[in-house]
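This briefing covers two topics: a ligand site and a pair of helices. Please look over the sequence and structure before reading on.

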Amino acid sequence: MSLQKILNIFRRPAIELTPLDAYALWADNYPPEAHNSLMKIEERAMIDLLPELKNKIVLDLACGSGRYILKAKEQGASEVYGLDFSLPMLSRARDVSNQLALGNMTALPFESDSIDVVICGLSIGHVRDLMPIYREISRVLSPNGVMVCSDIHPFGKLAGWKRQFTASNGLEYSVEHHFHLYKDHHIACTSNQMVIEDVREPVIDGKHQWEGVPAILAIRARKTLN
Ligand SMILES: C[S@@+](CC[C@H](N)C(=O)[O-])C[C@H]1O[C@@H](n2cnc3c(N)ncnc32)[C@H](O)[C@@H]1O
């Protein structure tokens with residue numbers, strides 16, 4: 001799907017669903033790969049920010065159908081776990097992994113200090129408050145562990161973007177989303193023993209109403225040693 005179409009879709013009114021209800025309907029059309037232009041922009045930024053994954057223990061947080069599980073495996077991670085709270089999305093991820101957990105980003109079923117790298121793609125905006133998520137990410141990360149996370153850029157609030165999709169029933173829906181400013185990430189990181197190391201704000205290119213506007217905010221943060 002072209003970026004033009006995605007952003008036009010963003011602008012049409014649709015029934016807004018909670019993330020759980022939305023992904024139950026979206027799962028059928030959600031393959032474990034970047035399947036639209038926005039995801040392609042996001043994925044380039046995330047790959048750019050990822051640390052070395054070889055022999056690392058990786059958690060794909062809110063993994064959906066397992067896009068970053070696949071990337072972590074390709075890059076030689078020794079163990080890759082996926083977690084999501086949507087059973088239909090996790091069912092899709094079964095095609096790429098058998099190390100999956102049904103759970104909420106705000107209460108992770110993993111031991112403290114047990115994960116080297118947490119990857120969280122395009123999911124954090126579904127939660128209103130970043131603090132409990134960052135608290136859990138920091139808890140499960142080993143000291144010096146790294147988190148790489150992406151979200152729709154907060155510019156989207158000004159532009160009125162919505163996260164819309166067409167379900168297999170042919171109807172269009174939008175999914176609840178909360179825009180988070182860079183400073184929200186900064187505060188949530190520093191309050192939870194993490195330091196932001198690097199940031200990407202890839203812009204929309206090509207002839208488009210939003211040409212040159214940042215579409216994605218992607219962050220790499222590291223858990224400090226004490
Ligand atoms: C846009 S999809 C992204 C999936 C995958 N990370 C990717 O980038 O392809 C968002 C995912 O976040 C999950 N999600 C949303 N809120 C969640 C929460 N509080 N806990 C766990 N998963 C959540 C949804 O079920 C969905 O699979």
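**Ligand site and a helix pair**

A backbone N or O atom of Gly121 sits 2.9 Å from a nitrogen atom of the ligand. On its own the ligand exposes 600 Å², and the protein buries 98% of that area. The model is predicted.

**Around the ligand**

- The ligand is surrounded by 21 residues, of which Ala62, Arg67, Asp84, Met105 and Gly121 come nearest.
- Sorted by class, this shell holds eleven nonpolar, seven polar and three charged residues.
- Ala62 places a polar backbone atom 2.8 Å from a nitrogen atom of the ligand.
- Asp84 uses its side chain instead: a polar atom there is 2.6 Å from an oxygen atom of the ligand.

**Helices H3 and H4**

- Helix H3 spans residues 37-49 and helix H4 spans residues 67-74.
- Their axes come within 13 Å and cross at roughly 35°.
- The crossing of H3 past H4 is right-handed.
- H3 makes the contact through Met39, Glu42, Glu43, Met46 and Ile47, while H4 contributes Arg67, Tyr68 and Lys71.
- The residues of this contact divide into four nonpolar and four charged, with no polar ones.
- Arg67 belongs to both topics: it is among the residues that come nearest the ligand, and it is one of the H4 residues in the contact with H3.

Definitions and conventions
Residues numbered from 1 in each chain as written. Predicted model: local features only at pLDDT ≥ 70, side-chain atom pairs only at ≥ 80, totals over all residues. Heavy atoms only, no water. Near = heavy atom within 4 Å. Polar contact = N/O pair within 3.5 Å; in protein donor to acceptor, adjacent residues only side chain to side chain. Areas by Shrake-Rupley, 256 points an atom, 1.4 Å probe, with all protein chains shown as cover. Nonpolar A, V, L, I, M, F, W, Y, C, P; charged D, E, K, R; others polar. Axes fitted to C-alpha atoms, helices over the stretch in contact; angles between N-to-C directions. Helix = DSSP H or I, 4+ residues; strand = E, 2+ residues; numbered from the N terminus. Left-handed = near helix turned anticlockwise from the far one by under 90°. Contact = heavy atoms within 4.5 Å.
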